[in-house]
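User: Got a minute to go through this one with me? I'd like to get a feel for the layout before I set anything up.

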Amino acid sequence: MISSADIEKLLNFKEETYKTCSFYLNVDGSKYTPRDYETITKNLIKERRLELEAEHLPHGVMKSLEGDFEKIERFVVEEFKRNNTRGLAIFSCSGKDFWQVYRLPRPVKNILVVGNDPYIRPLTVLLDEYHRYCLVLVSRDKARIFEVYLGEILEHFKVFDEEVPGKVRIAGWYGLEEKRIERHIEYHVYRHLKQVADRVFDFFKEKRFDYLVIGGRSDILPEFERCLHSFLIKRLVARLDLDVETPIQEIKTQILQIERDVEQKQEVQLVTRLMEEVATGGFGVFGLHDTLKALYVGNIHTLLVEEDFSAPGLECQNCGLLTTVEEKSCPICQGPLVEVPDVVDEAIEEVYRQRGEVEHIPNNPILKQLGRIGALLRFKMPASLRALPLT
Ligand SMILES: [Zn+2]
(Lines give C-alpha, C1' and ligand atoms only; values in the text may rest on other atoms or scores of the structure.)
Protein backbone atom coordinates (compact mmCIF):
# COMPACT_ATOMS: atom_id res chain seq x y z
CA MET A 1 0.00 0.00 0.00
CA ILE A 2 1.14 3.52 -0.77
CA SER A 3 2.69 5.75 1.89
CA SER A 4 3.27 9.47 2.14
CA ALA A 5 6.99 8.79 1.59
CA ASP A 6 6.10 7.31 -1.82
CA ILE A 7 4.28 10.48 -2.75
CA GLU A 8 7.34 12.47 -1.69
CA LYS A 9 9.45 10.25 -3.93
CA LEU A 10 7.14 10.89 -6.88
CA LEU A 11 7.03 14.63 -6.20
CA ASN A 12 10.80 14.75 -6.17
CA PHE A 13 11.26 12.78 -9.39
CA LYS A 14 12.06 15.29 -12.13
CA GLU A 15 13.61 14.20 -15.39
CA GLU A 16 15.12 16.58 -17.94
CA THR A 17 16.22 14.22 -20.72
CA TYR A 18 13.53 11.57 -20.84
CA LYS A 19 9.76 11.65 -20.46
CA THR A 20 7.85 9.99 -17.63
CA CYS A 21 4.70 7.89 -18.09
CA SER A 22 1.94 8.11 -15.50
CA PHE A 23 -0.70 5.47 -15.96
CA TYR A 24 -3.94 5.09 -13.99
CA LEU A 25 -6.27 2.16 -14.52
CA ASN A 26 -9.70 1.41 -13.10
CA VAL A 27 -9.65 -2.28 -12.23
CA ASP A 28 -12.80 -2.20 -10.11
CA GLY A 29 -14.16 -5.75 -10.05
CA SER A 30 -17.77 -4.57 -9.88
CA LYS A 31 -17.41 -2.83 -13.26
CA TYR A 32 -14.62 -4.43 -15.24
CA THR A 33 -13.34 -7.87 -16.17
CA PRO A 34 -9.57 -8.32 -16.63
CA ARG A 35 -10.21 -8.49 -20.38
CA ASP A 36 -11.89 -5.05 -20.22
CA TYR A 37 -9.02 -3.31 -18.49
CA GLU A 38 -6.41 -5.07 -20.61
CA THR A 39 -8.13 -3.72 -23.74
CA ILE A 40 -8.35 -0.23 -22.19
CA THR A 41 -4.61 -0.36 -21.45
CA LYS A 42 -3.73 -1.38 -25.01
CA ASN A 43 -5.97 1.32 -26.49
CA LEU A 44 -4.56 4.07 -24.27
CA ILE A 45 -1.03 3.09 -25.28
CA LYS A 46 -2.00 3.03 -28.95
CA GLU A 47 -3.52 6.52 -28.69
CA ARG A 48 -0.47 8.02 -26.91
CA ARG A 49 1.92 6.35 -29.34
CA LEU A 50 0.13 7.93 -32.32
CA GLU A 51 0.24 11.38 -30.71
CA LEU A 52 3.94 11.02 -29.84
CA GLU A 53 4.91 9.89 -33.33
CA ALA A 54 3.58 13.20 -34.62
CA GLU A 55 5.87 15.07 -32.21
CA HIS A 56 9.12 13.64 -33.68
CA LEU A 57 10.88 13.27 -30.34
CA PRO A 58 14.62 12.45 -30.18
CA HIS A 59 15.38 8.75 -30.66
CA GLY A 60 16.52 8.17 -27.05
CA VAL A 61 13.39 9.76 -25.59
CA MET A 62 11.11 7.71 -27.82
CA LYS A 63 13.04 4.53 -27.01
CA SER A 64 12.58 5.16 -23.28
CA LEU A 65 8.84 5.70 -23.84
CA GLU A 66 8.54 2.50 -25.88
CA GLY A 67 10.18 0.73 -22.96
CA ASP A 68 7.55 2.23 -20.62
CA PHE A 69 4.63 1.21 -22.83
CA GLU A 70 5.93 -2.32 -23.18
CA LYS A 71 6.51 -2.70 -19.43
CA ILE A 72 3.10 -1.26 -18.53
CA GLU A 73 1.26 -3.52 -20.97
CA ARG A 74 3.19 -6.60 -19.87
CA PHE A 75 2.54 -5.80 -16.22
CA VAL A 76 -1.23 -5.39 -16.70
CA VAL A 77 -1.66 -8.42 -18.95
CA GLU A 78 0.79 -10.90 -17.44
CA GLU A 79 1.75 -9.97 -13.89
CA PHE A 80 -1.08 -8.06 -12.27
CA LYS A 81 -3.43 -10.00 -9.97
CA ARG A 82 -6.41 -7.92 -8.92
CA ASN A 83 -7.45 -9.34 -5.53
CA ASN A 84 -8.90 -6.36 -3.59
CA THR A 85 -7.27 -3.69 -5.75
CA ARG A 86 -9.73 -1.29 -7.37
CA GLY A 87 -7.31 1.17 -8.89
CA LEU A 88 -3.82 0.87 -10.28
CA ALA A 89 -1.20 3.61 -10.65
CA ILE A 90 2.07 3.07 -12.51
CA PHE A 91 4.91 5.54 -13.00
CA SER A 92 7.67 4.67 -15.40
CA CYS A 93 10.73 6.25 -16.97
CA SER A 94 12.76 3.45 -18.58
CA GLY A 95 15.61 5.78 -19.55
CA LYS A 96 16.19 6.39 -15.84
CA ASP A 97 15.22 2.91 -14.72
CA PHE A 98 12.32 4.40 -12.74
CA TRP A 99 9.36 2.08 -12.14
CA GLN A 100 6.71 2.36 -9.41
CA VAL A 101 3.47 0.43 -9.09
CA TYR A 102 0.75 1.30 -6.57
CA ARG A 103 -2.35 -0.73 -5.82
CA LEU A 104 -5.15 1.55 -4.72
CA PRO A 105 -8.19 0.88 -2.56
CA ARG A 106 -10.45 3.02 -4.79
CA PRO A 107 -11.17 3.16 -8.53
CA VAL A 108 -9.41 5.82 -10.60
CA LYS A 109 -10.10 7.32 -14.00
CA ASN A 110 -8.27 5.57 -16.88
CA ILE A 111 -5.52 7.83 -18.13
CA LEU A 112 -2.02 7.64 -19.59
CA VAL A 113 -0.06 10.86 -19.28
CA VAL A 114 3.37 11.48 -20.81
CA GLY A 115 5.19 14.39 -19.23
CA ASN A 116 8.34 15.70 -17.63
CA ASP A 117 7.38 14.55 -14.16
CA PRO A 118 4.90 12.12 -12.62
CA TYR A 119 1.27 13.20 -12.84
CA ILE A 120 0.06 12.60 -9.30
CA ARG A 121 -3.16 14.54 -8.90
CA PRO A 122 -5.47 11.49 -9.00
CA LEU A 123 -3.26 9.95 -6.35
CA THR A 124 -3.35 12.97 -4.06
CA VAL A 125 -7.12 13.23 -4.47
CA LEU A 126 -7.38 9.67 -3.28
CA LEU A 127 -4.98 10.17 -0.39
CA ASP A 128 -6.96 13.19 0.78
CA GLU A 129 -9.85 10.92 1.52
CA TYR A 130 -7.93 8.86 4.00
CA HIS A 131 -7.46 9.96 7.56
CA ARG A 132 -4.17 9.72 9.32
CA TYR A 133 -4.20 8.19 12.80
CA CYS A 134 -1.68 8.31 15.58
CA LEU A 135 -1.64 5.49 18.11
CA VAL A 136 0.21 5.84 21.41
CA LEU A 137 0.77 2.88 23.69
CA VAL A 138 1.94 3.90 27.10
CA SER A 139 2.95 2.27 30.37
CA ARG A 140 4.52 3.74 33.53
CA ASP A 141 7.99 3.68 31.99
CA LYS A 142 7.59 2.99 28.27
CA ALA A 143 5.75 4.32 25.26
CA ARG A 144 5.45 3.51 21.58
CA ILE A 145 4.14 5.91 18.96
CA PHE A 146 2.63 4.66 15.69
CA GLU A 147 1.32 6.25 12.54
CA VAL A 148 -1.60 4.53 10.82
CA TYR A 149 -2.41 5.53 7.26
CA LEU A 150 -3.96 3.84 4.24
CA GLY A 151 -4.22 0.51 5.97
CA GLU A 152 -0.58 0.48 7.04
CA ILE A 153 0.99 0.92 10.46
CA LEU A 154 4.43 2.35 11.08
CA GLU A 155 6.20 2.52 14.44
CA HIS A 156 7.94 5.89 14.84
CA PHE A 157 9.25 6.12 18.38
CA LYS A 158 9.98 4.00 21.36
CA VAL A 159 10.33 5.91 24.60
CA PHE A 160 11.89 4.11 27.53
CA ASP A 161 12.32 6.03 30.70
CA GLU A 162 14.99 4.23 32.73
CA GLU A 163 14.68 6.66 35.59
CA VAL A 164 11.30 5.36 36.66
CA PRO A 165 12.01 3.15 39.67
CA GLY A 166 10.38 -0.27 40.04
CA LYS A 167 7.60 -1.23 42.37
CA VAL A 168 7.74 -0.28 46.05
CA ARG A 169 9.21 -3.13 48.04
CA ILE A 170 10.68 -1.45 51.10
CA ALA A 171 8.54 -0.91 54.16
CA GLY A 172 10.16 1.70 56.39
CA TRP A 173 9.23 3.38 59.65
CA TYR A 174 5.45 3.13 59.95
CA GLY A 175 5.25 3.12 56.17
CA LEU A 176 6.72 6.63 55.97
CA GLU A 177 9.56 5.53 53.80
CA GLU A 178 7.10 3.71 51.56
CA LYS A 179 4.97 6.82 51.16
CA ARG A 180 8.03 8.88 50.34
CA ILE A 181 9.04 6.38 47.64
CA GLU A 182 5.49 6.24 46.32
CA ARG A 183 5.48 10.00 45.88
CA HIS A 184 8.86 9.71 44.21
CA ILE A 185 7.46 7.12 41.81
CA GLU A 186 4.37 9.15 41.10
CA TYR A 187 6.56 12.07 40.22
CA HIS A 188 8.68 9.96 37.88
CA VAL A 189 5.69 8.39 36.21
CA TYR A 190 4.11 11.78 35.78
CA ARG A 191 7.32 13.16 34.29
CA HIS A 192 7.50 10.22 31.88
CA LEU A 193 3.87 10.61 30.81
CA LYS A 194 4.38 14.32 30.31
CA GLN A 195 7.43 13.62 28.14
CA VAL A 196 5.47 11.16 26.03
CA ALA A 197 2.60 13.65 25.67
CA ASP A 198 5.06 16.31 24.52
CA ARG A 199 6.53 13.87 22.03
CA VAL A 200 3.05 13.13 20.66
CA PHE A 201 2.36 16.84 20.32
CA ASP A 202 5.61 17.33 18.37
CA PHE A 203 4.60 14.39 16.21
CA PHE A 204 1.24 16.03 15.62
CA LYS A 205 2.90 19.30 14.56
CA GLU A 206 5.02 17.33 12.11
CA LYS A 207 2.41 14.93 10.70
CA ARG A 208 -0.90 16.72 11.30
CA PHE A 209 -2.68 13.44 11.98
CA ASP A 210 -6.46 13.59 12.09
CA TYR A 211 -7.17 11.23 14.95
CA LEU A 212 -5.50 9.99 18.07
CA VAL A 213 -5.94 6.62 19.75
CA ILE A 214 -4.32 5.87 23.09
CA GLY A 215 -3.70 2.48 24.63
CA GLY A 216 -2.39 1.17 27.92
CA ARG A 217 -3.49 -0.20 31.25
CA SER A 218 -6.58 1.37 32.75
CA ASP A 219 -4.68 2.67 35.80
CA ILE A 220 -2.26 4.72 33.70
CA LEU A 221 -4.43 5.85 30.77
CA PRO A 222 -6.48 8.57 32.54
CA GLU A 223 -3.22 10.04 33.95
CA PHE A 224 -1.77 10.11 30.46
CA GLU A 225 -4.88 11.70 29.02
CA ARG A 226 -4.58 14.54 31.55
CA CYS A 227 -1.09 15.29 30.19
CA LEU A 228 -2.27 15.65 26.57
CA HIS A 229 -2.50 19.03 24.86
CA SER A 230 -6.07 20.20 24.19
CA PHE A 231 -5.44 19.97 20.41
CA LEU A 232 -4.79 16.28 20.92
CA ILE A 233 -7.76 15.73 23.21
CA LYS A 234 -9.97 17.06 20.41
CA ARG A 235 -8.62 14.33 18.14
CA LEU A 236 -8.88 11.50 20.64
CA VAL A 237 -11.33 8.93 19.27
CA ALA A 238 -10.60 5.74 21.19
CA ARG A 239 -8.92 4.29 24.28
CA LEU A 240 -7.60 0.74 24.10
CA ASP A 241 -6.80 -1.64 26.89
CA LEU A 242 -3.57 -2.74 25.25
CA ASP A 243 -0.21 -3.64 26.73
CA VAL A 244 2.73 -1.56 25.54
CA GLU A 245 4.56 -4.73 24.46
CA THR A 246 1.75 -6.06 22.24
CA PRO A 247 3.12 -7.46 18.94
CA ILE A 248 2.62 -5.09 16.01
CA GLN A 249 0.41 -7.49 14.03
CA GLU A 250 -2.13 -7.58 16.85
CA ILE A 251 -1.95 -3.80 17.27
CA LYS A 252 -2.62 -3.44 13.56
CA THR A 253 -5.73 -5.64 13.67
CA GLN A 254 -7.16 -3.61 16.56
CA ILE A 255 -6.38 -0.17 15.15
CA LEU A 256 -7.79 -0.99 11.70
CA GLN A 257 -11.02 -2.08 13.35
CA ILE A 258 -11.10 1.21 15.30
CA GLU A 259 -10.50 3.07 12.06
CA ARG A 260 -13.45 1.35 10.36
CA ASP A 261 -15.70 2.12 13.34
CA VAL A 262 -14.65 5.77 13.46
CA GLU A 263 -15.11 6.27 9.71
CA GLN A 264 -18.50 4.60 9.74
CA LYS A 265 -19.69 6.64 12.72
CA GLN A 266 -18.52 9.78 10.99
CA GLU A 267 -20.31 8.93 7.77
CA VAL A 268 -23.55 8.41 9.66
CA GLN A 269 -23.02 11.74 11.49
CA LEU A 270 -22.38 13.56 8.21
CA VAL A 271 -25.47 12.16 6.51
CA THR A 272 -27.56 12.99 9.60
CA ARG A 273 -26.20 16.52 9.56
CA LEU A 274 -27.00 16.86 5.88
CA MET A 275 -30.54 15.69 6.53
CA GLU A 276 -30.95 18.23 9.36
CA GLU A 277 -29.52 21.06 7.27
CA VAL A 278 -31.84 20.15 4.40
CA ALA A 279 -34.87 19.90 6.74
CA THR A 280 -34.23 23.29 8.35
CA GLY A 281 -33.45 25.00 5.05
CA GLY A 282 -29.93 25.77 6.14
CA PHE A 283 -26.53 24.81 4.92
CA GLY A 284 -27.35 21.75 2.86
CA VAL A 285 -28.45 20.65 -0.62
CA PHE A 286 -29.29 17.21 -1.95
CA GLY A 287 -29.76 15.47 -5.27
CA LEU A 288 -27.44 15.80 -8.24
CA HIS A 289 -29.12 18.84 -9.72
CA ASP A 290 -28.95 21.13 -6.66
CA THR A 291 -25.53 19.82 -5.71
CA LEU A 292 -24.14 20.78 -9.12
CA LYS A 293 -25.71 24.19 -8.73
CA ALA A 294 -24.02 24.73 -5.37
CA LEU A 295 -20.78 23.55 -6.91
CA TYR A 296 -21.07 26.04 -9.73
CA VAL A 297 -21.10 28.95 -7.28
CA GLY A 298 -18.21 27.52 -5.25
CA ASN A 299 -20.41 26.74 -2.29
CA ILE A 300 -19.51 23.16 -1.36
CA HIS A 301 -17.84 22.63 1.98
CA THR A 302 -18.24 18.85 2.10
CA LEU A 303 -19.55 16.70 -0.72
CA LEU A 304 -21.29 13.51 0.35
CA VAL A 305 -21.50 10.99 -2.44
CA GLU A 306 -22.56 7.38 -2.62
CA GLU A 307 -19.51 5.34 -3.41
CA ASP A 308 -20.50 4.02 -6.84
CA PHE A 309 -22.80 6.81 -7.96
CA SER A 310 -22.16 8.07 -11.48
CA ALA A 311 -24.22 9.90 -14.09
CA PRO A 312 -23.54 11.06 -17.66
CA GLY A 313 -23.90 14.76 -18.37
CA LEU A 314 -22.51 17.86 -19.99
CA GLU A 315 -19.76 20.33 -19.19
CA CYS A 316 -19.50 23.91 -20.44
CA GLN A 317 -16.14 24.44 -22.09
CA ASN A 318 -16.26 28.12 -21.29
CA CYS A 319 -17.40 28.46 -17.67
CA GLY A 320 -17.07 24.87 -16.40
CA LEU A 321 -20.77 24.42 -15.61
CA LEU A 322 -21.66 20.78 -15.02
CA THR A 323 -25.22 19.75 -15.82
CA THR A 324 -27.32 16.71 -16.54
CA VAL A 325 -29.89 18.66 -18.52
CA GLU A 326 -29.74 18.30 -22.31
CA GLU A 327 -29.13 21.78 -23.74
CA LYS A 328 -27.64 23.05 -26.97
CA SER A 329 -25.45 25.63 -25.23
CA CYS A 330 -24.60 26.65 -21.68
CA PRO A 331 -27.65 28.23 -20.00
CA ILE A 332 -25.35 30.57 -18.04
CA CYS A 333 -22.80 31.80 -20.57
CA GLN A 334 -24.02 30.32 -23.90
CA GLY A 335 -20.65 28.56 -24.24
CA PRO A 336 -20.36 25.18 -25.99
CA LEU A 337 -21.34 22.09 -24.00
CA VAL A 338 -19.43 18.82 -24.33
CA GLU A 339 -20.57 15.42 -23.14
CA VAL A 340 -18.80 13.95 -20.12
CA PRO A 341 -19.23 10.26 -19.24
CA ASP A 342 -19.56 11.00 -15.51
CA VAL A 343 -20.49 14.39 -14.07
CA VAL A 344 -20.14 13.02 -10.54
CA ASP A 345 -16.48 12.34 -11.15
CA GLU A 346 -16.00 15.80 -12.63
CA ALA A 347 -17.84 17.30 -9.65
CA ILE A 348 -15.56 15.50 -7.18
CA GLU A 349 -12.46 16.91 -8.88
CA GLU A 350 -13.99 20.38 -8.91
CA VAL A 351 -14.74 20.19 -5.18
CA TYR A 352 -11.05 19.46 -4.58
CA ARG A 353 -10.07 22.39 -6.79
CA GLN A 354 -12.32 24.57 -4.62
CA ARG A 355 -10.56 23.18 -1.53
CA GLY A 356 -13.67 21.43 -0.31
CA GLU A 357 -13.85 17.96 1.16
CA VAL A 358 -15.27 14.79 -0.35
CA GLU A 359 -16.71 11.87 1.59
CA HIS A 360 -17.45 8.68 -0.31
CA ILE A 361 -20.23 6.91 1.53
CA PRO A 362 -21.10 3.26 0.95
CA ASN A 363 -24.64 1.95 1.51
CA ASN A 364 -26.39 4.65 3.45
CA PRO A 365 -30.21 4.43 3.08
CA ILE A 366 -30.74 8.11 3.96
CA LEU A 367 -28.26 9.31 1.37
CA LYS A 368 -29.92 7.02 -1.15
CA GLN A 369 -33.25 8.73 -0.41
CA LEU A 370 -31.62 12.11 -0.81
CA GLY A 371 -30.63 11.22 -4.37
CA ARG A 372 -27.27 9.53 -3.66
CA ILE A 373 -25.47 12.86 -3.48
CA GLY A 374 -25.61 16.02 -1.41
CA ALA A 375 -23.45 18.71 0.11
CA LEU A 376 -22.88 20.69 3.26
CA LEU A 377 -22.56 24.30 2.18
CA ARG A 378 -20.24 27.18 2.99
CA PHE A 379 -23.11 29.68 2.86
CA LYS A 380 -26.88 29.49 2.47
CA MET A 381 -27.92 29.46 -1.18
CA PRO A 382 -29.65 32.84 -1.70
CA ALA A 383 -32.87 32.84 -3.75
CA SER A 384 -31.07 34.44 -6.70
CA LEU A 385 -28.66 31.50 -6.85
CA ARG A 386 -31.36 28.93 -6.32
CA ALA A 387 -33.12 30.41 -9.32
CA LEU A 388 -30.11 30.00 -11.64
CA PRO A 389 -31.44 28.91 -15.03
CA LEU A 390 -30.13 25.37 -14.77
CA THR A 391 -33.34 23.39 -14.88
ZN1 LIG B 1 -21.02 28.23 -19.44
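User: How many residues of domain 1 are in contact with domain 3, and how many on the other side?
Analyst: Eight residues of domain 1 touch eight residues of domain 3. Keep in mind that this is a predicted model.

User: Where do the domains start and stop?
Analyst: The domain assignment puts domain 1 at 4-128, domain 2 at 133-246 and domain 3 at 266-386.

User: And how far apart are the centres of domain 1 and domain 3?
Analyst: Their C-alpha centres are 30 Å apart.

User: What about secondary structure, how many helices and strands?
Analyst: The protein has 12 helices and 16 strands. The radius of gyration is 27 Å, well over the 21 Å that the globule rule gives for 391 residues, so the protein is more spread out than a compact globule.

User: What does the C-alpha trace span along its principal axes?
Analyst: About 95 × 60 × 35 Å.

User: What share of the residues is buried?
Analyst: Buried residues account for 46% of the 391. On the outside, the protein exposes about 21000 Å², and carbon and sulfur atoms supply 50% of that area.

User: How many charged side chains are there, positive and negative?
Analyst: There are 54 positive and 64 negative side chains. The centres of the two sets lie 3 Å apart.

User: Of the contacts between residues at least 6 apart in sequence, what fraction joins residues at least 24 apart?
Analyst: That comes to 70%.

User: OK, down to single residues. Is Ile-72 buried or exposed?
Analyst: Ile-72 is buried, because its relative accessible area is 0% and the cut-off for buried is under 20%. Ile-72 sits in helix H3, which covers residues 59-79.

User: Which residues does Ile-72 touch, leaving aside the sequence neighbours?
Analyst: Beyond four places in sequence, Ile-72 is in contact with Cys-21, Phe-23, Thr-41, Ile-45, Ile-90, Trp-99 and Leu-112.

User: What's the C-alpha separation between Ile-72 and Phe-204?
Analyst: It's 38 Å, with their positions 132 residues apart along the chain.

User: Trp-99 came up in that contact list. How far is Trp-99 from Arg-191?
Analyst: Their C-alpha atoms are separated by 48 Å, and the two residues are 92 apart along the chain. Arg-191 lies in helix H5 and is partly exposed, with a relative accessible area of 26%.

User: Where is Lys-194 found?
Analyst: Lys-194 is in helix H5 too. Its relative accessible area is 30%, which makes Lys-194 partly exposed. The C-alpha atoms of Lys-194 and Leu-228 are 7.7 Å apart, although 34 residues separate the two along the chain.

User: Switching to backbone angles: what's phi at Arg-208?
Analyst: Near 55 degrees, so a positive value in a residue other than glycine. Most residues other than glycine have a negative phi.

User: Where does Arg-208 lie?
Analyst: Arg-208 is in the loop between helix H5 (176-207) and strand S8 (211-216). Arg-208 is exposed, since its relative accessible area of 52% is over the 50% cut-off.

User: And what's phi at Asn-363?
Analyst: For Asn-363, phi is near 45 degrees, again positive in a residue other than glycine. Asn-363 belongs to the loop between strand S15 (357-361) and helix H11 (365-369), and Asn-363 is exposed at 74% relative accessible area.

User: How about Asn-364, buried or exposed?
Analyst: Asn-364 is buried, with a relative accessible area of 11%. It's found in the loop between S15 and H11. Not counting residues up to four places away in sequence, Asn-364 touches Val-268 and Val-271.

User: Last one. Which residues does Cys-333 touch away from its sequence neighbours?
Analyst: Cys-316, Asn-318 and Cys-319, not counting residues up to four places away in sequence. Cys-333 and Asn-318 are 15 residues apart in sequence and 7.5 Å apart C-alpha to C-alpha.

User: And where is Cys-333 found?
Analyst: Cys-333 is in the loop between strand S13 (322-323) and strand S14 (337-340). Cys-333 is partly exposed, with a relative accessible area of 26%.

Notes:
Residues are numbered from 1 along each chain as its sequence is written. This is a predicted model: local features need pLDDT of at least 70, side-chain atom pairs count only at pLDDT 80 or more; totals for chains, interfaces and linings use all residues. Side-chain values use heavy atoms; hydrogens and water are left out. Helices (H or I, at least four residues) and strands (E, at least two) are DSSP runs, numbered from the N terminus. The radius of gyration is taken over C-alpha atoms; the globule rule is 2.2 Å times the number of residues to the power 0.38. Buried means under 20% relative accessible area, exposed over 50%, partly exposed in between (1.4 Å probe, protein chains only). Contact means heavy atoms within 4.5 Å. Accessible areas come from the Shrake-Rupley method with a 1.4 Å probe; for residues, only the protein chains shown count as cover. Lys and Arg count as positive and Asp and Glu as negative; His and the chain ends are not counted. The place of a charge is taken as NZ of Lys, CZ of Arg, CG of Asp or CD of Glu. Domain bounds come from an automatic or database domain assignment.
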